[in-house]
Amino acid sequence: MIVHRGCAIPDGLAYDVEGDLWVEFEGDIARMGLTDVAQTRMGKMVSIRFKKVGKRVLAGKSIATVESAKWVGPIHSPFDGEVIETNDAAFADDILIANRDPYVAGWISLVRPDDPETAPVGLLTDDAAVAAYKIRIDELKMSCIRCAD
Amino acid sequence: MTIRLLDFGQVESLRSLAIFHGVGYAMRQNTPDTITITRPLDPFVSIGHHQDAKSEVDLAFCDEAGVPVYRREIGGGAVYLDEGQTFWHTIFHQSRVPSKLMNVYTKFLAGPVLALNRMGIPAVHRPVNDIQVEGRKIGGTGAATVGESMIVAGSLMFDFNYELMVRVLNVPSEKFRDKMYSTMREYLTTINRQLGDDAPTRDQGVRVLLECFSETLEDELVVDEPRPDELVAIEQQEERIATPEWLHLDGLPPSGTITKIAEGVDVREGVHKAPGGLVRASVAVRDGVIDGIVLSGDFFMEPAEELARLQDSLVGIAYDDDSVLGVVKAHMATVDAPGLDATDITTAVMAEPQAMA
């Protein structure tokens with residue numbers, strides 16, 4: 001795990017750096033969530049609405065919309081697919097779950113890509129992801145903070 | 001690149017919402033940054049992006065009164081709006097706004113604050129996104145990512161109908177409605193309240209606002225007309241916003257809600273099911289301290305006047321579990337309330353808003 005200016009960039013994940021999204025491929029399923037940078041920029045979440053299980057999602061379209069105290073915006077899927085599970089129960093239990101633990105407990109949705117072969121195209125991994133995210137964090141001139149438990 | 005000004009003047013309420021959504025969705029990297037101005041012809045209720053319409057708004061009343069209810073793609077709470085407000089929206093490509101939300105608000109609220117100052121109102125920007133006059137809020141603001149655009153929304157609030165604002169909301173009791181009304185009167189002000197006979201006309205106010213946007217954004221505003229693709233997008237948004245499906249999207253459960261009156265002042269509603277009955281708590285919190293509270297529900301407490309005494313005792317207490325529990329415990333020791341203990345009341349008082357189920 002790399003931590004740059006307080007922002008965690010865990011190993012083993014694929015990243016849509018501009019979209020501040022992480023993706024973990026588990027067989028033909030992709031688990032998605034907000035990065036540390038995303039949860040910090042957004043601030044404390046106050047609400048989330050998930051695209052429902054069974055719905056189709058297109059690349060660049062939202063798998064969920066999130067609302068913080070001062071902003072509303074979408075979380076975009078990087079590829080076409082179908083929503084097969086959402087983490088709604090965890091958010092119902094603790095709306096700050098992604099602010100506390102964005103990479104594990106605070107995941108957003110499981111999506112089955114239409115084409116598992118091409119789904120990772122455009123996402124960055126390993127050193128390339130770290131390098132790109134470091135540049136982004138430096139450009140944003142930000143440091144990450146998490147909600148305390 | 002200059003900033004484009006689209007002044008739509010007075011339009012139907014649905015159109016006023018569709019315009020900023022449509023212009024936002026039509027924005028591309030090469031689209032000029034745009035400011036829109038609208039003023040609604042008819043009153044309406046606008047609910048926040050993630051609110052549950054039937055929980056937040058008295059839909060039956062609105063229906064009877066002919067007041068439409070629409071969901072917006074900007075956060076926050078339900079609000080009653082009418083021609084007393086002139087809406088402005090800065091719709092900039094997200095690549096051309098500051099990366100930090102705080103700085104987005106600093107950039108785009110500078111114009112409205114300066115405009116109020118020029119009118120003679122000592123308004124200040126209180127971060128993150130409040131515009132205040134001596135501790136009172138004057139108009140609401142919000143931000144959202146819509147398509148490729150970042151929209152910051154606000155209004156020149158010439159007038160505000162406090163009575164209808166509290167009437168259109170679903171509230172747990174009439175006492176709570178009264179409390180909310182008095183809190184809003186105290187913490188929300190308007191241009192006309194501040195300036196009386198010296199208040200500018202709507203047109204004068206808009207002119208000042210646009211001058212101030214130009215000055216603070218250090219760019220010329222160029223009056224323009226909406227492009228054909230924007231008009232199509234506006235029509236599409238008009239259709240979507242008018243649908244019952246969009247209005248009745250799932251929202252927050254009624255177990256805990258917060259109505260933000262001004263930066264530092266919230267009115268919170270908590271509900272807790274205790275063995276002895278449902279406990280509702282409506283709490284005004286100012287800078288972390290309970291400013292007012294109404295407890296209600298279908299529980300039983302004897303002697304009955306102790307409930308009012310408990311409410312009085314909670315005013316001025318820090319809004320945290322330990323402080324509230326301490327006061328409630330002391331009172332509960334002197335009353336008879338079957339199936340209800342200090343923890344039940346504290347849970348209702350301290351209820352946090354929750355995500356949708």
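This short talk covers two interfaces of chain B: one with chain A, one between its own domains. Keep in mind that the model is predicted.

Chain A first. On the chain B side, 28 residues are in contact with 22 residues of chain A. About 2000 Å² is buried between the two chains, and carbon and sulfur atoms give 51% of that. How many salt bridges does the rule find across the interface of chain B and chain A? Zero. Polar contacts are there, though: eleven residue pairs, both partners at pLDDT 80 or more. Helix H4 (101-119) and strand S10 (142-146) of chain B each supply at least two residues to the side that touches chain A. S10(B) gives the largest share, three residues. By class, that side has 13 nonpolar, nine polar and six charged residues.

Now inside chain B. The chain is divided into domain 1 (3-247) and domain 2 (256-349). Their C-alpha centres lie 33 Å apart. Contact involves 18 residues of domain 1 and 17 of domain 2. The two domains of chain B bury about 1500 Å² between them, 63% of it on carbon and sulfur atoms. In domain 1, Pro172(B), Phe176(B) and Tyr187(B) lose the most area to domain 2, together 35% of what that side buries.

What about charges? The count between the domains is one salt bridge. The rule also finds one residue pair in polar contact there, both at pLDDT 80 or more. On the domain 1 side, strand S8 (130-133) and helix H6 (174-187) of chain B give two or more residues. H6(B) has the largest share, seven residues. That side counts eight nonpolar, four polar and six charged residues.

Definitions and conventions:
Residues are numbered from 1 along each chain as its sequence is written. Chains are lettered from A and ligands numbered from 1 in the order in which they are written. This is a predicted model: local features need pLDDT of at least 70, side-chain atom pairs count only at pLDDT 80 or more; totals for chains, interfaces and linings use all residues. Side-chain values use heavy atoms; hydrogens and water are left out. Contact means heavy atoms within 4.5 Å. Buried area is the accessible area (1.4 Å probe) that two parts lose on being put together, summed over both. A salt bridge is a side-chain nitrogen of Lys or Arg within 4 Å of a carboxyl oxygen of Asp or Glu. A polar contact is a pair of N or O atoms within 3.5 Å; within protein, one must be able to donate a hydrogen and the other to accept it, and residues adjacent in sequence count only if both atoms are side-chain atoms. Helices (H or I, at least four residues) and strands (E, at least two) are DSSP runs, numbered from the N terminus. Ala, Val, Leu, Ile, Met, Phe, Trp, Tyr, Cys and Pro count as nonpolar, Asp, Glu, Lys and Arg as charged, and the others, Gly among them, as polar. Domain bounds come from an automatic or database domain assignment.
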